[in-house]
Amino acid sequence: TTEMGWKILSSVLCDTASISSTHGSNHTLQSCLLFPMDSIAPHNVQTMLQLNSGQDKNRVAATKILQPHCHLDMTPLFGMELNLLPHVVAWLERFAESRLDL
């Protein structure tokens, strides 16, 4: 069904299963011609496709991590180069695995 297709596309654009999964989600797809992209596209899909249009893919990834994982405060990283983002994500993922209450 179309609804199932949107759910699959949503998880490809922003897999919220873990911080690492979110970081590994697709950050380049900006449109989808398989489904009509007007008002029937779910808001979260439209938002992720629009977010992917950003040139700085590290910032796109960081934004996607902050949205579903709102318990993280990565704001201090935004003033720095984001080259360390993959390392920070790996560290946060290990921390989250050890903290079952997160």
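**View 1. Contacts between helix 1 and helix 3 in the predicted model.** In this predicted model, four residues of helix 1, namely Trp6, Leu9, Ser10 and Leu13, meet residues of helix 3. Their partners in helix 3 are Asn44, Val45, Met48 and Leu49.

**View 2. Geometry of the packing of helix 1 and helix 3.** Helix 3 covers residues 43-51, while helix 1 covers residues 2-13. The axes of the two helices lie 10 Å apart and form an angle of about 35°. The crossing of helix 1 past helix 3 is left-handed.

**View 3. A salt bridge within helix 1.** The side chains of Lys7 and Glu3 are joined in a salt bridge, with a distance of 3.8 Å from N to O. A salt bridge is counted when a side-chain nitrogen of Lys or Arg is within 4 Å of a carboxyl oxygen of Asp or Glu, and by this rule the count is 1 salt bridge. Both residues belong to helix 1, where Lys7 and Glu3 are 4 residues apart, about one turn of the helix. Lys7 and Glu3 are both exposed.

**View 4. A nonpolar patch on the surface.** The patch is formed by Met4, Ile8 and Val12, which together have about 270 Å² of accessible area. Of these residues, Ile8 is located in helix 1. Is Ile8 buried, partly exposed or exposed? Ile8 counts as partly exposed because its relative accessibility is 49%, and this class lies between buried, under 20%, and exposed, over 50%.

Conventions:
Residues numbered from 1 in each chain as written. Predicted model: local features only at pLDDT ≥ 70, side-chain atom pairs only at ≥ 80, totals over all residues. Heavy atoms only, no water. Patch = residues over 30% accessible without salt bridge, like charges linked within 9 Å, V, L, I, M, F, W, Y side chains within 5 Å. Areas by Shrake-Rupley, 256 points an atom, 1.4 Å probe, with all protein chains shown as cover. Buried < 20%, exposed > 50% of the residue type's maximum accessible area, 1.4 Å probe, protein only. Axes fitted to C-alpha atoms, helices over the stretch in contact; angles between N-to-C directions. Left-handed = near helix turned anticlockwise from the far one by under 90°. Contact = heavy atoms within 4.5 Å.
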